[in-house]
Amino acid sequence: MIGGLVDTHAHLDGTDFHADLAEVVRRARDAGVAAIISAGQDEATSRAALCLSERFESIVPAVGVHPHLAADAGALNWLETLAGLPGVVAIGEIGLDYHYDFAPREIQRDVFARQLDLAAARGLPVVMHCREAEEDLLTILRGHFDAAQTGVVHCFTGSYEMGVRFIEEFSVFLGIGGAVTFKKADQLHEAVARLPLERLVLETDCPFMTPAPHRGKRNEPAYLPLTCRRVAELRGAPETDIAAATTANAWRLFPKLATR
Ligand SMILES: [Zn+2]
Ligand SMILES: [Zn+2]
């Protein structure tokens, strides 16, 4: 698997990909994407990500409960079981979403903290979703994130200053996705240009967050090089350097990639 880009955040289990997933996986490989982390959002989608990883060598599962679905999380016994399976590389996606507030915030915080504890106990990385909830996320990390763990704040669209706060306090990685290709993203452009390269990883978050020039269509891992190219432009660096660095970062973020 070494040598290709890593799409550090995707959702390949949904109906968007039912009809042509084999083609999607092939196009990703042809585009130079060697591994795709497919993140669960609840028990069913976490199990689906595991099944996909058995069908396709390049698909790598993460398992967890998304903040949108935190109200239905229950006792998380199933997550304990799945987290112990050898192929699972991370707990995710987990976190807080105060933009949509689909689950009560108190429940989101509780479910996030319990999953962080589970990840810490297992020594697994965490894949975090954070929307309009940065202060609470940082507060919860202070009590529940183990310094020996790794983690990523996926779909990072914050300011340079916010990125620095995540990096300096918790040494997490920041997932850079299709939003960086959008024209009206000055704050994110500045952040991606200035943040330390050794903390950035690439992601599609497909089927969402489709990069330019494909906006309006379904996103897929084969579009990851468009995001890599834009990061290279913003940093004034060769695309090959950005590809190599973000791939190395993804391997540090998900140590179990090496055992696959
Ligand atoms: Zn997310
Ligand atoms: Zn996601």
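**Note on the zinc site and Cys 155**

1. The zinc ion (ligand 1) has three protein donors, Glu 93 (OE), His 129 (ND1) and His 154 (NE2), at 2.1 to 2.2 Å from the metal. The model is predicted, and these distances should be read as values computed from it. Along the chain, the donors of this zinc ion follow the spacing E-x35-H-x24-H.

2. Two of the donors come from distant parts of the chain: Glu 93 belongs to strand β4 (residues 90-97) and His 129 to strand β5 (residues 126-131), with their positions 36 residues apart in the numbering.

3. A second metal must be considered together with the first. The zinc ion (ligand 2) is 3.3 Å from the zinc ion (ligand 1), and Glu 93 coordinates both.

4. Glu 93 has a relative accessible area of 1% and is therefore classed as buried, since the class covers values under 20%. His 129, at 12%, is likewise buried.

5. Cys 155 is found in the loop that runs between β6 (151-153) and α6 (160-170). Its relative accessibility is 21%, so Cys 155 counts as partly exposed; the limit for a buried residue is under 20%.

6. The surroundings of Cys 155 include residues remote in sequence. With neighbours within four places in sequence left aside, Cys 155 is in contact with Gly 175, Glu 203 and Met 209. His 9 is separated from Cys 155 by 146 residues in sequence, yet the C-alpha to C-alpha distance between them is 8.4 Å.

Definitions and conventions. Residues numbered from 1 in each chain as written. Chains lettered and ligands numbered in written order. Predicted model: local features only at pLDDT ≥ 70, side-chain atom pairs only at ≥ 80, totals over all residues. Heavy atoms only, no water. Helix = DSSP H or I, 4+ residues; strand = E, 2+ residues; numbered from the N terminus. Buried < 20%, exposed > 50% of the residue type's maximum accessible area, 1.4 Å probe, protein only. Contact = heavy atoms within 4.5 Å. Donors = N, O, S within 2.8 Å, 3.2 Å for Na, K, Ca; no water.
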